[in-house]
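These are my notebook entries from an afternoon with one protein model, written down in the order in which I looked things up. I wanted to see how rings and charged side chains are placed.

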Amino acid sequence: MRLPAGQAVSRAIGFRLPGWMVFMFVTFALFFLSAGAIYAACEYFVNGVEWLGRRLNLGATAIGSVLAAFGTALPECAVTLMAVAFGSTPEQKSLGVGAAMGGPLVLATLAYAVVGLALLLNRKRLGRTSGQTQADHAGLSRDQAVFFAVFALKVGLGLFAFAIKPWLGLAFLAAYVVYVWREIRDAETAAGEEDLEPLKIRPSAGETSLAWPCIQTLLALSVIGLASHAFVGQLEAIGLAMGWSPHLTALLLSPVATELPEIMNALIWVRQGKERLALANISGAMMIQATIPSALGLMFTPWLFDGPLLAAGAITALAVAFLWLNFRRGAVDGRALVMVGGLYGVFAWAVIGCF
């Protein structure tokens, strides 16, 4: 006879635990296992997408901002699409809108903070004398300015109701197409970024055909998608245990889970001394989050913001302005990137305390 999960865990450790304790034990176990699976899959994804970019003759920055960003953004775009297009209640549709606003917030704060922290912790191993980033600061500054303009329009549309609003979703899709075209046209590859590790599924093959990087990248994306789904589920369970509403969980916790692949990619690339690719990946993912989920939300929901959503918009705009000022100076220290992560803590405090 098959035992329920709680009884099985209790019997395995030799005595009966309270149901809530077993629930939390299983939740946290799955939480860490899924996070580990995402990191391991991202190792294969980063390796595969670099080889895929080489076979397609793309510059390194386009690999990060287009290929890697689009691949890892597919799960959260699918989550938003399912919520806003097929959700049967206003609450379900609001989850999609919360995810569309929470994603850029996490990327503009926590993702950049991870890059800065990883750079500071690995500078000796990388032979660096400081925590300065080695990146296309002018390009990153331009990306922040473009993102800010698109994001400001996105938030502004959430303040008013009018008849043609759904049609403006097409403008956001067009904006992303223009961004991709520009990134591919202007892509660059710096010294050291042409040296790739062997393809992980064929480590002894040397140069390889286009098919094998595609296979490895797609397999890695499949694992990332499944593990991310499990990770989101555990975060939602933790939010439920803390007594949070689904709307608050979608805005505060779920985006951390859905943006975890981008954060893992950035961590891996920084440890390899390729922070240009890491920063390009985050910048590209931010543009996706500013356009595609927004277009879906505009097409399938009223797209009207409440207090927590406006707070997310304000904190994201503040973080992007801070990043733009730093990249515009042409020299960004890892400590400055770590500082911007503190704005996510400000947002969490404001939402939990005020709303």
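**Entry 1: aromatic rings**

I began with the rings and found that ring pairs link Phe28, Phe31, Phe32 and Phe231 into a cluster. I noted for myself that the model is a predicted one. Searching the whole structure, I arrived at 8 aromatic pairs. One of them joins phenylalanine 31 and phenylalanine 32 edge-to-face, with 5.1 Å from centre to centre and 90° between the planes. I then looked up how far each of these two is covered: phenylalanine 31 is buried, with a relative accessible area of 16%, whereas phenylalanine 32 counts as exposed at 56%.

Another pair that I wrote down is formed by tyrosine 344 and phenylalanine 347, which is tilted, with the centres 6.1 Å apart and 45° between the planes. Both residues lie in helix H14 (residues 342-354), 3 residues apart, which is about one turn of the helix. Tyrosine 344 counts as buried because its relative accessibility is 10%, under the limit of 20%. Phenylalanine 347 is also buried, at 1%.

**Entry 2: charges over rings**

Next I asked which positive side chains lie over the face of a ring, and I recorded arginine 54 over tryptophan 51, at 5.2 Å from the ring centre, and lysine 200 over tyrosine 44, at 5.8 Å.

**Entry 3: salt bridges**

My count of salt bridges comes to 6. In one of them arginine 128 meets glutamate 275, and the closest N and O atoms are 2.9 Å apart. This pair links distant parts of the chain, since arginine 128 sits in the loop between helix H4 (90-122) and H5 while glutamate 275 is in helix H11, 147 residues apart. Both arginine 128 and glutamate 275 are buried.

I also followed the salt bridge between arginine 182 and aspartate 143, at 2.5 Å from N to O. Here arginine 182 belongs to helix H6 (residues 169-186) and aspartate 143 to helix H5, with their positions 39 residues apart, so that distant parts of the chain are again linked. Arginine 182 and aspartate 143 are both buried, and a network of salt bridges links Asp143, Arg182 and Glu183.

In the bridge of aspartate 333 with arginine 335, the closest N and O atoms are 2.9 Å apart. Aspartate 333 is buried, at 13% relative accessible area, but arginine 335 is exposed, at 55%.

**Entry 4: a buried lysine**

What does lysine 154 have nearby, given that it is buried yet has no salt bridge? The nearest side chain of opposite charge is that of glutamate 259, 9.4 Å away, beyond the 4 Å that a salt bridge allows. A polar contact of 3.1 Å does join the side chains of lysine 154 and serine 294. Lysine 154, which is found in helix H5 (residues 137-157), touches several further residues, including Met101, Phe172, Gln289 and Trp303.

**Entry 5: positive phi values**

Tryptophan 303 came up again when I looked at the backbone, for it has a positive phi of about 55° although it is not a glycine. Its place is in the loop between helix H11 (275-300) and helix H12 (307-328), and at 2% relative accessibility it is buried. Asparagine 57 likewise has a positive phi, near 60°. This asparagine 57 is found in the loop between helix H2 (19-55) and helix H3 (60-86), and it counts as exposed, at 69%.

Conventions: Residues are numbered from 1 along each chain as its sequence is written. This is a predicted model: local features need pLDDT of at least 70, side-chain atom pairs count only at pLDDT 80 or more; totals for chains, interfaces and linings use all residues. Side-chain values use heavy atoms; hydrogens and water are left out. Rings of Phe, Tyr and Trp (its six-membered ring) pair if their centres lie within 6.5 Å; planes under 30 degrees apart count as stacked, over 60 as edge-to-face and the rest as tilted. Buried means under 20% relative accessible area, exposed over 50%, partly exposed in between (1.4 Å probe, protein chains only). Helices (H or I, at least four residues) and strands (E, at least two) are DSSP runs, numbered from the N terminus. A charge sits over a ring if NZ of Lys or CZ of Arg is within 6 Å of the ring centre and within 35 degrees of the ring normal. Lys and Arg count as positive and Asp and Glu as negative; His and the chain ends are not counted. A polar contact is a pair of N or O atoms within 3.5 Å; within protein, one must be able to donate a hydrogen and the other to accept it, and residues adjacent in sequence count only if both atoms are side-chain atoms. Contact means heavy atoms within 4.5 Å. Lists of a residue's contacts leave out its neighbours within four places in sequence.
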